[in-house]
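Me: Please take me through one part of this model in detail, and then place that part in its surroundings. Plain statements will do.

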Amino acid sequence: MTSSTVMNYDIENDDSFTQPVGRWSVLYYGSGHMLNDITAACWFTYLLLFLTDIGLSPRGAAAVMLSGQIADGFATIFIGELIDRFGHFKIWHGAGSVLVAVSFSSVFGGCMPCRILSTSTLKVETISYCVFAAIFNVGWAATQVAHMSMVNCITLNSTSRVVLTSCRNAFTMVANLSLYAIAFIVFSVSTAKTHADLENQYRWIAYSSIFIGCCFVGIFLSRTEEPRLKMGLRGNSHARISWAYWFKKILYYQVALVYMLTRLVVNVSQAYLAFYVINDLRMGQSAKALVPAIIYICSFIVSILLQEMAWTGQRLKAYYSAGGVLWVFCGAGILILPMNMSAFMYVLAIFVGIANALMMVTGISMQNVLIGEDLSGCAFVCGTLSFLDKMSCGIAVYVLQSYQSMSPTVLDNNSSITSLTVLDNNSLISTSYISVTRFGLGLIPAICSLVSVAVTCTMKLHTPYSKPLVEPLLQ
């Protein structure tokens with residue numbers, strides 16, 4: 001029997017590694033991604049809207065987001081490899097959080113090079129925002145990979161791993177709701193009459209988000225211990241699994257595809273939600289905070305409920321498929337929803353929130369099933385899957401934004417057009433047009449959901465050490 005086999009045998013017979021995780025440990029872990037989550041919510045919901053409002057072209061705004069996504073994608077692989085080599089999850093998490101807090105304020109803080117060079121050309125502005133977006137996403141990647149891969153090194157219990165992931169997703173919902181509450185207050189109490197006023201609105205949103213996120217990061221770093229399972233299981237924290245080991249697994253490609261499609265569904269829909277309710281449905285300004293808030297309230301409730309279940313591979317597949325099918329119907333509704341029935345968007349938001357939670361919790365949990373006890377490669381798996389997520393989302397948004405300059409034709413009452421709808425301000429709009437926003441929010445997520453459900457049905461998931469929590473999270 002080799003030393004590695006002996007070590008694995010000792011771990012399997014050590015209840016401290018296979019027993020369920022306690023409630024407070026789960027909550028402390030879940031709080032660790034709040035800064036990333038609240039800044040990401042602001043990034044995907046308001047970045048494109050902010051940049052186009054201050055004068056950048058749709059393609060220029062998309063280039064800023066794409067630069068951040070590319071930097072994030074490559075950083076996840078590089079940082080994942082370093083974490084697998086040297087460990088120290090909390091150090092990577094803390095360093096990434098500091099970088100996120102410092103750089104995110106610059107993304108929404110105006111064009112610093114423009115002030116230094118005393119110029120405000122679109123080219124300089126675009127390059128400036130691209131640089132700060134890239135820096136922000138490098139820090140974001142460090143925090144994300146460290147936090148996600150920690151799950152597998154905290155416990156071997158498959159149900160507890162899902163619970164940790166579900167709690168993390170619940171805090172994601174809290175982060176998003178916090179952002180939209182801040183945004184609702186800011187948009188309600190202040191009026192943007194100039195570009196300076198507009199920048200101040202988003203600056204208040206960004207700074208408030210950073211403060212809230214940093215408070216939760218402090219709780220996580222002070223109350224969560226550095227995982228010791230990785231060192232105990234392998235005997236050497238510097239040992240790592242070859243990349244080829246994962247590339248030979250069919251399940252790796254299946255999980256990677258499902259995770260990428262899941263993130264496409266959530267992120268692309270989030271990026272176009274504000275555009276959709278304002279430009280396509282002509283809802284009030286408060287709707288760009290209220291509709292997302294409904295989505296995340298529903299997601300939060302579902303995420304909490306999912307923490308009370310005992311999980312198996314078949315149950316993961318079933319719940320993911322349910323969420324995917326639900327998103328297909330939601331996407332179809334969004335695609336055909338007419339302007340005069342815009343209030344129905346609040347109903348659709350409920351089902352979108354449920355579908356998002358089901359897909360995110362189970363989709364990320366499939367990563368943990370894939371990793372199993374192969375902890376020396378957990379950060380690499382999280383990093384490569386995140387790479388696919390960032391690159392695909394960045395490219396998808398950039399392609400869609402390249403056509404965003406096409407907009408519905410609005411005419412006055414003296415004009416004529418073949419297919420018209422009367423607006424509240426007595427102007428007219430062509431109804432023969434289907435906007436890029438509708439495709440981004442409705443069609444793309446629906447197609448991705450359908451494909452991911454088909455892939456999920458082909459998976460073979462095995463979940464050992466499946467035991468319930470020590471105590472329920474809900475009383």
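Reply: A residue is called buried here when its relative accessible area is under 20%. The model is a predicted one. The part chosen for the close look is helix α8, residues 122-154.

Start with Y129, which lies in α8. Its relative accessibility is 2%, so Y129 counts as buried. Leaving out residues up to four places away in sequence, Y129 touches F50, L51, I54, L56, V64, V107, G110 and C111. One of these contacts, L51, is 78 residues away from Y129 in sequence, yet the two C-alpha atoms are 9.1 Å apart in space.

A second residue, N36, is found in helix α4 (residues 34-53). At 1% relative accessibility, under the 20% limit, N36 is also classed as buried. The contacts of N36, again without residues up to four places away, are V100, W140, T143 and Q144. Q144 is also listed among the α8 residues that meet α9.

Next come the helices that pack against α8. Two packed helices are described by the angle between their axes and the distance between the axes. For α8 and α9 (158-189), the axes come within 9 Å and cross at roughly 150°. Angles over 145 degrees count as roughly antiparallel, and α8 and α9 are therefore roughly antiparallel to each other. Their crossing is right-handed. On the α8 side, Q144, H147, M148, V151, N152 and I154 take part; on the α9 side, the residues are R161, L164, T165 and R168. By class, the α8 contact with α9 is made up of 4 nonpolar, 4 polar and 2 charged residues.

The other partner to consider is helix α16, residues 345-371. The axes of α8 and α16 are 10 Å apart, and the packing angle is about 50°. These two helices are therefore oblique to each other. The α8 and α16 crossing is right-handed. M148, V151 and N152 of α8 make the contact with I364, Q367, N368 and I371 of α16. Sorted by class, the α8 and α16 contact holds 4 nonpolar, 3 polar and no charged residues. M148, V151 and N152 also appear in the contact of α8 with α9.

Helix α8 has a further role as cover for a short stretch of chain, helix α3 (residues 23-30). In α3, R23, V26, Y29 and G30 are buried. Seen down the axis of α3, these buried residues fall within an arc of 130°, so they line one face of the helix. The cover over the buried residues of α3 includes α8, α9 and α10 (195-223).

The α9 part of that cover can be followed through C167, which has its place in helix α9. C167 has 2% relative accessibility and so counts as buried. Apart from neighbours within four places in sequence, C167 is in contact with V26, L27, G30 and Q307. V26 and G30 are among the buried residues of α3. C167 and Y28 are 139 residues apart in sequence, but their C-alpha atoms are 9.4 Å apart in space.

For comparison, here is a helix pair outside this part. Helix α13 (residues 250-280) packs with helix α17 (residues 378-402) at an angle of about 40°, with the axes 8 Å apart. α13 and α17 are therefore oblique to each other. Their crossing is right-handed. The contact includes Y252, Y259, M260, L264 and Y272 from α13, and F380, L385, L388, V397 and L400 from α17. The contact of α13 with α17 has 15 nonpolar, 5 polar and 2 charged residues.

The loop between α13 and α14 (287-306) contains R282. Most residues other than glycine have a negative phi, and most peptide bonds are trans. R282 has a positive phi, near 55°. At 39% relative accessibility, R282 counts as partly exposed.

Last, the whole chain. The chain has 18 helices and 3 strands. Of its 475 residues, 58% are buried. Among contacts between residues at least 6 apart in sequence, 84% join residues at least 24 apart. The pair Y129 and L51, 78 residues apart in sequence, is one listed contact of this kind.

Technical notes:
Residues numbered from 1 in each chain as written. Predicted model: local features only at pLDDT ≥ 70, side-chain atom pairs only at ≥ 80, totals over all residues. Heavy atoms only, no water. Axes fitted to C-alpha atoms, helices over the stretch in contact; angles between N-to-C directions. Helix = DSSP H or I, 4+ residues; strand = E, 2+ residues; numbered from the N terminus. Parallel < 35°, antiparallel > 145°, perpendicular 65-115°, else oblique. Left-handed = near helix turned anticlockwise from the far one by under 90°. Contact = heavy atoms within 4.5 Å. Nonpolar A, V, L, I, M, F, W, Y, C, P; charged D, E, K, R; others polar. Buried < 20%, exposed > 50% of the residue type's maximum accessible area, 1.4 Å probe, protein only. Arc of directions from axis to C-beta.
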